[in-house]
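This report goes through selected local features of one protein model. The sequence and structure are shown first.

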Amino acid sequence: MNNRVIPISLAVIDKEQRDRLEKMISANPMVRLVGEDAEEMGVLIYEPGDSVEEDMPHIIHALESGQAEDVYLAGNVADPDILIRAMRSGIREYLKFPVDENDLRAAVVRTAMRLSLSVDDGDKGRIFTVMGCKPGVGTTTLAVNMACALNERAPGRTVLLDLRPPMGEIPYFLDLKYDYTWGDLVADISRLDATYLRSVMAEHESGLHVLPGPASGERPDEHTLFLILEQLRHSYDFVVVDAATPGEDELPKEVELADSILMSMQLSLPCLARVSRLTDSIGGQDPDADRRMRLVATRVARNGSIGVPEAAEVLGREIAWSIPEDGDTVLSAINQGTPLVQAYPKSVSAKAVQALVKDLAPITGKARKGLSLPFSSLFRKKGKGSDANDNLAGATL
């Protein structure tokens with residue numbers, strides 16, 4: 001079943017029942033509440049009122065067009081004519097007031113199962129988690145320039161997430177001014193939707209979106225980080241994560257959810273030993289994560305004492321890409337606050353990053369669907385028409 005957190009929007013007249021539903025949604029990790037002005041509707045919970053005849057064509061259009069992923073009718077008693085019309089239009093769920101928490105959970109599970117059967121994987125963004133075998137091996141340089149290279153394809157469709165503790169350095173690499181960080185999302189995670197996410201995002205002059213880390217503060221808990229990563233995945237084509245080096249007994253959420261895991265390393269004996277321990281640890285906790293992991297050798301000297309083939313033989317696994325030593329050029333780009341791939345696109349290191357990105361994410365020519373626009377007409381204040389709903393608590397229509 002799809003592990004995405006499903007957005008829910010409420011068009012419920014009864015304030016007491018609306019408050020009850022909001023509490024249930026906030027307590028359920030499978031779902032999250034979105035506001036009336038959100039760019040997505042998700043699952044619409046709709047209570048028919050006096051304007052039901054006017055509303056139903058809009059609701060049916062929202063469901064058929066994909067603006068609403070599912071629709072649940074809700075109320076005290078249901079009008080049989082409305083139920084029949086709803087069933088014929090593909091509305092399958094009915095929640096009787098007061099809504100039982102188990103009924104809501106069961107309806108959400110059924111929706112999640114239907115969505116998992118119909119979701120087009122091409123509509124979900126890909127997460128690329130970049131982490132070093134140890135600090136100081138060029139991980140942030142790699143992550144920043146990967147993100148910039150991906151962003152060149154379609155500006156604004158790539159996001160760079162800074163998870164390096166205690167304070168990441170991405171803004172220095174991009175000469176980026178910002179007002180908000182992912183710490184602001186953590187502080188008010190119940191508000192997380194596409195609109196709120198965009199409001200805290202910093203934007204580089206190239207169009208690359210960046211979510212910086214806070215100056216101080218603990219790493220998000222695993223559930224909160226899951227919510228952030230999933231929202232990023234559904235809002236962007238590519239999510240590049242500049243991640244911390246994990247402990248040998250840890251499987252961070254950014255590794256677990258990643259479509260590809262890139263571990264940067266240098267061709268030195270300490271790095272080789274560390275890579276061996278980390279890959280064994282991660283593979284032992286999640287064999288599929290081991291399959292998705294690719295090694296990247298950075299700062300590879302032309303006449304180094306350990307070559308890429310020798311290192312690969314020692315590790316017993318392929319080193320997928322190597323970035324040549326290009327210290328002066330890389331340092332100059334960092335000090336300018338300009339990505340290497342933009343400041344020195346013809347340098348050997350920039351060309352190596354571009355080749356890596358081309359291999360990792362080949363251009364397919366398939367466009368993603370854009371974000372849905374608000375469907376605010378359903379949320380206007382309605383007259384109360386409570387005697388329009390049935391005795392079918394938690395029923396599937």
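The sections below cover the basis of the values, salt bridges, one helix, an aromatic pair and some backbone details.

## Basis of the values

The model is predicted, so local features are given only at pLDDT of at least 70 and side-chain atom pairs only at pLDDT 80 or more, while totals for chains, interfaces and linings use all residues. Residues are numbered from 1 along each chain as its sequence is written, and side-chain values use heavy atoms, with hydrogens and water left out.

Helices (H or I, at least four residues) and strands (E, at least two) are DSSP runs, numbered from the N terminus. For accessibility, buried means under 20% relative accessible area, exposed over 50%, and partly exposed in between, with a 1.4 Å probe and protein chains only.

## Salt bridges

A salt bridge is taken as a side-chain nitrogen of Lys or Arg within 4 Å of a carboxyl oxygen of Asp or Glu. By this rule there are 18 salt bridges. One of them joins the side chains of E93 and R110, with an N to O distance of 2.8 Å. E93 belongs to strand 5 (residues 93–96) and R110 to helix 4 (residues 101–118), so the contact ties together parts that are 17 residues apart in sequence. E93 is buried, at 0% relative accessible area, whereas R110 is partly exposed at 25%.

A salt bridge also forms between D259 and R233, at 3.0 Å from N to O. This pair links distant parts of the chain, 26 residues apart: D259 sits in the loop between helix 10 (253–256) and strand 11 (260–265), and R233 in helix 9 (residues 222–235). D259 counts as partly exposed because its relative accessibility is 31%; R233, at 7%, counts as buried.

Within helix 10, the side chains of E256 and K253 meet at 3.2 Å, N to O, in a further salt bridge. These two residues are three apart, about one turn of the helix. E256 is partly exposed at 35% relative accessibility, and K253 is buried at 15%. Elsewhere, D286, D288, R291 and R292 are joined into one network by salt bridges that share partners.

## Helix 9

How far apart are the end C-alpha atoms of helix 9? They are 20 Å apart, which agrees with the 20 Å expected for its 14 residues at 1.5 Å a residue. The expected span is 1.5 Å times one less than the number of residues.

Of the 14 residues in helix 9, 12 are buried, so the helix is largely enclosed by the rest of the structure. Among the buried residues are L225, F226, L227, I228 and L229, as well as the polar or charged E230, Q231 and R233. At the start of helix 9, a side-chain oxygen of D221 comes to within 3.1 Å of the backbone nitrogen of H223.

## Aromatic pair

Rings of Phe, Tyr and Trp (its six-membered ring) are paired if their centres lie within 6.5 Å; planes under 30 degrees apart count as stacked, over 60 as edge-to-face and the rest as tilted. The structure holds one such aromatic pair. F128 and F238 form this pair, which is stacked, with 5.9 Å centre to centre and 20° between the planes. The two residues are 110 apart along the chain, F128 in strand 6 (residues 126–132) and F238 in strand 10 (residues 238–242). F128 is buried at 0% relative accessibility, and F238 is buried at 12%.

## Backbone details

Which peptide bond is cis, with omega near -10°? The bond runs from F97 to P98. P98 lies in the loop between strand 5 and helix 4.

D175 is not a glycine, yet has a positive phi of about 50°. This residue is in the loop between helix 6 (170–174) and helix 7 (182–187), and is exposed, with a relative accessible area of 53%. R299 also has a positive phi without being a glycine, near 55°. R299 is placed in strand 12 (residues 293–300) and is partly exposed at 42%.

## A loop glycine

G316 lies in the loop between helix 13 (308–315) and strand 13 (319–324). Its relative accessibility of 67% puts G316 in the exposed class. The C-alpha atom of G316 is 9.0 Å from that of S276, a residue 40 positions away along the chain.

Methods: A polar contact is a pair of N or O atoms within 3.5 Å; within protein, one must be able to donate a hydrogen and the other to accept it, and residues adjacent in sequence count only if both atoms are side-chain atoms.
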